[in-house]
Amino acid sequence: SYQFATPKIELGPWTSYSLLNDPKHMSFVLARYKFVAKMLRQNGRTLEVGCGDGFGAPIAKQHSAEYIGIDVDERLINDNSERLSKKIANLNFILQDITKPGASRLGMFDTIFSVDVLEHLDADKEKPFIEKSIELLHKKGIYICGTPSAYSSEYASERSKIQHINLKTAPQKKELFEIYFDYVWIFSMNDEVVHT
């Protein structure tokens, strides 16, 4: 009966669409957030850049003292705040483009991550996206960037091909992030299985 006494949480627009059209894809996304939660600095401040509809935010928050999700879509931020922030302590959503002025007001973070964001950015936006994110990272912080691989593009749907305009191979990702970090690890994922 305690489950029926728990307030219900409505799903966001992306998650609702997925549940109705491709429900098993939701398990892949949740597996990505589970991986992030295990890698992030436990009980630290966590920033998600490009939080979307907040589907994985509660998983990241479960291992963080504070979670902040930012996105450029005001509709998503308002919806996330209404659906999730009022029900989960220290889970907050803020309208912010990481590449625009004002991001520094968010403070410094122990972990910064983005899942399924970089591949949607024009190539000229990639560098400012990464550099402005890193400016908010503590010196010994952790940065996690999850993207689909260029290797999988030949199997992608037409919609995916249109939306994923900035795919990279594993060596290209490693080379990109070695510009900014001393230690870069590449992980791969097939469905819910993460491996090196």
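## The aromatic cluster around Tyr-143

Phe-177 is a good place to start: in this predicted model, its relative accessibility is 9%, so Phe-177 counts as buried. Tyr-143 is buried too, with a relative accessible area of 14%. Both values fall under the 20% cut-off for a buried residue.

A search through the whole structure turns up seven aromatic pairs. In one of them, the ring centres of Tyr-143 and Phe-177 are 5.8 Å apart and the ring planes meet at 40°, so this pair is tilted. It brings together distant parts of the chain, since Tyr-143 sits in strand β5 and Phe-177 in helix α8 (residues 170–178), 34 residues apart. Tyr-143 also pairs with Phe-181: here the centres are again 5.8 Å apart, but the planes are at 20°, so the pair is stacked. This second pair is a long-distance link as well, joining Tyr-143 in strand β5 to Phe-181 in the loop between α8 and β6 (188–190), 38 residues along the chain. Taken together, Tyr-143, Phe-177 and Phe-181 make up one aromatic cluster.

## The five-stranded sheet

Which strand order will you find if you walk across the sheet that holds β5? The order is β3-β2-β1-β4-β5, in an open sheet with parallel pairing. At the edges are β3 (91–95) and β5 (137–146), each of which pairs on one side only. From one strand to the next, the twist averages 20°.

You can follow the pairing strand by strand. β1 (residues 45–49) and β2 (residues 66–71) run parallel and share five bridges, and in this part of the sheet Glu-48 stands opposite Gly-69 of β2. Next, β1 is joined to β4 by three bridges, again in parallel; Leu-47 has Ile-112 in β4 as its bridge partner. Finally, β4 and β5 pair in the parallel sense over six bridges, with Ser-114 matched to Cys-145 in β5. As for β4 itself, this strand is mostly covered, with six of its seven residues buried.

One general point may help when you look at the strands on screen. In a regular strand, side chains alternate between the two faces of the sheet.

## Helices across the sheet and against each other

Two helices are worth picking out against the strands. Helix α3 lies across β1, β4 (109–115) and β5, and runs at about 160° to β4. Helix α5 (residues 74–85) lies across β2 and β3, at about 165° to β3.

Helix α3 (residues 23–39) also packs with helix α2 (residues 13–21), at an angle of about 130° and with the two axes 5 Å apart. The helices α2 and α3 are therefore oblique to each other. Which residues of α2 meet α3? They are Trp-14, Thr-15, Ser-18, Leu-19 and Asn-21, and their counterparts in α3 are Pro-23, His-25, Met-26 and Val-29. Sorted by class, this contact has five nonpolar residues, four polar residues and no charged ones.

## Loops to look at

Two loop residues stand out for their backbone angles. Most residues other than glycine have a negative phi. Asn-90, however, has a phi near 60°, a positive value in a residue other than glycine. Asn-90 is found in the loop between α5 and β3 and, at 43% relative accessibility, counts as partly exposed. Asp-116 likewise has a positive phi, near 60°. Its place is in the loop between β4 and α6 (123–134), and with 26% relative accessibility Asp-116 counts as partly exposed.

Is Ser-153 buried or exposed? The answer falls in between: its relative accessible area is 29%, so Ser-153 is partly exposed. Ser-153 belongs to the loop between β5 and α7 (158–163). Leaving aside residues up to four places away in sequence, Ser-153 touches Lys-161 and Leu-167. Ser-153 and Leu-167 are 14 residues apart along the chain, and their C-alpha atoms are separated by 8.1 Å.

Key:
Residues numbered from 1 in each chain as written. Predicted model: local features only at pLDDT ≥ 70, side-chain atom pairs only at ≥ 80, totals over all residues. Heavy atoms only, no water. Axes fitted to C-alpha atoms, helices over the stretch in contact; angles between N-to-C directions. Helix = DSSP H or I, 4+ residues; strand = E, 2+ residues; numbered from the N terminus. Parallel < 35°, antiparallel > 145°, perpendicular 65-115°, else oblique. Contact = heavy atoms within 4.5 Å. Nonpolar A, V, L, I, M, F, W, Y, C, P; charged D, E, K, R; others polar. Pairing = 2+ DSSP bridges. Phe/Tyr/Trp six-rings, centres within 6.5 Å; stacked < 30°, edge-to-face > 60°. Buried < 20%, exposed > 50% of the residue type's maximum accessible area, 1.4 Å probe, protein only.
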